[in-house]
There are 2 protein chains.
Amino acid sequence: MNGLRSSQVADAAGVNRQTLRYYERRGLLAEPQRSLGGHRLYPAETVTVLLVIKAAQRLGFTLDEVADLLDAGRHHHGRRPDTGLQARAKTKLAEVEAKIADLRAIADSLRAAVDAGCDDMVTCAGQSGCPIPFTTIAATEARGDTEAHDR
Amino acid sequence: MNGLRSSQVADAAGVNRQTLRYYERRGLLAEPQRSLGGHRLYPAETVTVLLVIKAAQRLGFTLDEVADLLDAGRHHHGRRPDTGLQARAKTKLAEVEAKIADLRAIADSLRAAVDAGCDDMVTCAGQSGCPIPFTTIAATEARGDTEAHDR
DNA sequence: TTGCATCCGGTACCTGGGTACAGGCTTACC
DNA sequence: GGTAAGCCTGTACCCAGGTACCGGATGCAA
């Protein structure tokens with residue numbers, strides 16, 4: 001009666017029904033009320049929460065981070081300035097910008113390979129004049145893991 | 001005697017020894033010769049091949065794609081213009097550029113959230129004037145999977 | 001009250017790129 | 001020839017973020 005069935009919520013938010021259970025396990029969704037028979041009955045806001053989760057993921061936050069953010073939003077009393085969305089968004093922004101810079105370097109290398117007309121990596125790597133900086137490129141790899149993670 | 005031991009190759013290329021076996025299974029490295037006792041003996045070029053693999057990964061190619069590319073390079077006779085490094089590099093470049101554009105949109109959203117001083121996603125999402133395009137952002141998700149995949 | 005759609009919980013599986021471990025053989029050096 | 005380091009195979013596990021399947025129970029309309 002009052003409350004949405006899991007499928008309704010899932011459909012409205014564009015996610016899989018299993019995902020609701022998964023998010024519940026992960027602490028992203030509160031445990032909803034149940035019908036007498038044990039079926040979940042969600043409040044309407046849940047759809048919004050799901051959209052927010054998806055948006056946050058798209059912004060580069062992991063599910064753990066999203067869980068934290070939702071939590072931080074729920075009880076505002078913590079009030080340390082480094083836990084809120086503000087601070088985290090700034091951090092994430094820096095990460096995304098680093099990632100963009102990194103991808104630009106990658107694009108440059110690809111462009112160089114195309115421009116040079118090189119067609120076989122291994123032989124090309126052995127010759128001087130190969131535009132792809134094989135040795136450096138592997139080292140540069142480092143660890144800029146920021147994954148804006150589109151699914 | 002003649003040939004490098006697996007650890008020597010792994011160390012020289014900066015990869016794990018297990019990774020050599022893994023690449024062998026995946027078809028990225030040819031099966032090397034063996035000593036009488038069954039130990040692998042690699043030719044010196046293997047190190048170059050590994051560096052090339054790492055570089056290609058960093059350029060955004062998956063291991064399957066790298067395997068194909070190495071193969072394409074090995075026997076040049078196929079000669080269809082769409083199988084070589086050239087064509088694939090172009091495709092990959094377009095993907096990387098799309099990814100960059102996508103990340104820029106994400107960075108813009110993060111910047112907007114910071115500028116607007118919004119501090120709780122869920123309540124903010126409900127109010128008009130929220131700078132984060134929650135509904136659209138989730139839909140935009142689509143599938144721009146290009147993962148330059150560092151790590 | 002029957003019948004069908006939906007939902008339940010638990011568990012297993014997927015992708016990609018590796019890494020780790022166990023138990024046993026080889027190699028190299030003294 | 002002894003012994004330690006190195007290597008072998010096979011198998012299992014890691015990460016994140018889900019997805020799929022199963023047998024059984026519920027919900028709801030006619």
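**Note on the predicted two-chain model with DNA strands C and D**

1. Asp120(A) is found in the loop that joins helix 5 to helix 6 of chain A. The model under review is a predicted one. Around Asp120(A) there are 18 C-beta neighbours inside 10 Å, so this residue counts as partly exposed. Once residues up to four places away in sequence are set aside, Asp120(A) touches Gly73(B) and Leu85(B). The loop residue is thus a convenient point from which to enter the contact with chain B, which is taken up under point 5.

2. Confidence should be read before the details. The average pLDDT of chain A is 83, and 81% of its residues score at least 70. Among the elements of chain A, the highest mean pLDDT, 98, belongs to strand 2 (residues 40-41), and the lowest, 53, to helix 7. Over residues 138-151 of chain A the pLDDT stays under 50. For that stretch the model nevertheless has 37 contacts beyond four places in sequence.

3. As to the fold, chain A comprises seven helices and two strands. Their order from the N terminus is α-α-β-β-α-α-α-α-α. Of the 151 residues in chain A, 32% count as buried. Among contacts in chain A with a separation of 6 or more, 53% are made by residues 24 or more positions apart.

4. The two chains are related by symmetry. A turn of 180° with a shift of 0.0 Å along the axis lays chain A on chain B with an RMSD of 0.2 Å. This is therefore the relation of a two-fold axis. Both copies use the same surface, since 100% of the contact residues of chain A recur in chain B. Of the residues of chain A, Ile100(A) comes closest to the rotation axis, with its C-alpha at 3.0 Å.

5. What does each chain contribute to the contact between chain A and chain B? Chain A gives 56 residues, and chain B gives 56 residues. On the side of chain A that touches chain B, the elements giving two or more residues are helix 3 (45-58), helix 4, helix 5 (85-116), helix 6 (121-126) and helix 7 (134-140). Helix 5 of chain A supplies the largest share of that side, 20 residues. By class, the side of chain A that touches chain B holds 28 nonpolar, 12 polar and 16 charged residues. Helix 7, listed among these elements, is also the element of chain A with the lowest mean pLDDT.

6. The largest nonpolar core has 69 residues. Those with the most contacts inside it are Ala56(A), Leu69(A) and Leu110(A), together with Ile53(B), Ala56(B), Leu69(B) and Leu110(B). The largest share of this core, 10 residues, comes from helix 5 (residues 85-115) of chain B. Beyond its neighbours within four places in sequence, Ala56(A) is in contact with Phe61(A), Val66(A) and Leu69(A), and also with Met121(B).

7. Is Ser109(A), a residue of helix 5 of chain A, buried or exposed? Ser109(A) counts as buried, because it has 22 C-beta neighbours inside 10 Å. Its C-alpha atom is separated by 6.0 Å from that of Ile132(A), although the two residues are 23 residues apart along the chain.

8. Around DNA strand D there are 22 residues, of which Asn16(A), Gly37(A), Arg5(B), Ser7(B) and Arg40(B) come nearest. The elements that give two or more residues to this surface are helix 2 (17-26) and helix 4 (63-74) of chain A, with helix 1 (6-13) of chain B. Helix 2 of chain A provides the largest share, three residues. The residues near DNA strand D comprise four nonpolar, 14 polar and four charged.

9. Around DNA strand C there are 23 residues, and those that come nearest are Arg5(A), Ser7(A), Arg40(A), Asn16(B) and Gly37(B). Two or more residues each come from helix 1 (6-13) and helix 2 of chain A, and from helix 2 (17-26) and helix 4 (63-74) of chain B. The largest share of the surface near DNA strand C, three residues, is that of helix 2 of chain B. By class, the residues near DNA strand C are four nonpolar, 14 polar and five charged.

Methods:
Residues are numbered from 1 along each chain as its sequence is written. Chains are lettered from A and ligands numbered from 1 in the order in which they are written. This is a predicted model: local features need pLDDT of at least 70, side-chain atom pairs count only at pLDDT 80 or more; totals for chains, interfaces and linings use all residues. A residue is near a molecule or strand if its C-beta atom, placed from the backbone, lies within 6 Å of it. Helices (H or I, at least four residues) and strands (E, at least two) are DSSP runs, numbered from the N terminus. Ala, Val, Leu, Ile, Met, Phe, Trp, Tyr, Cys and Pro count as nonpolar, Asp, Glu, Lys and Arg as charged, and the others, Gly among them, as polar. Copies are superposed by least squares on the C-alpha atoms of residues with pLDDT of at least 70 in both. Two residues are in contact if their C-beta atoms, placed from the backbone, lie within 7 Å. A nonpolar core is a set of buried Ala, Val, Leu, Ile, Met, Phe, Trp, Tyr and Cys residues joined through C-beta atoms within 7 Å. A residue is buried if 20 or more other C-beta atoms lie within 10 Å of its own, exposed if 12 or fewer, and partly exposed in between; C-beta atoms are placed from the backbone. pLDDT is the predictor's confidence in each residue, from 0 to 100.
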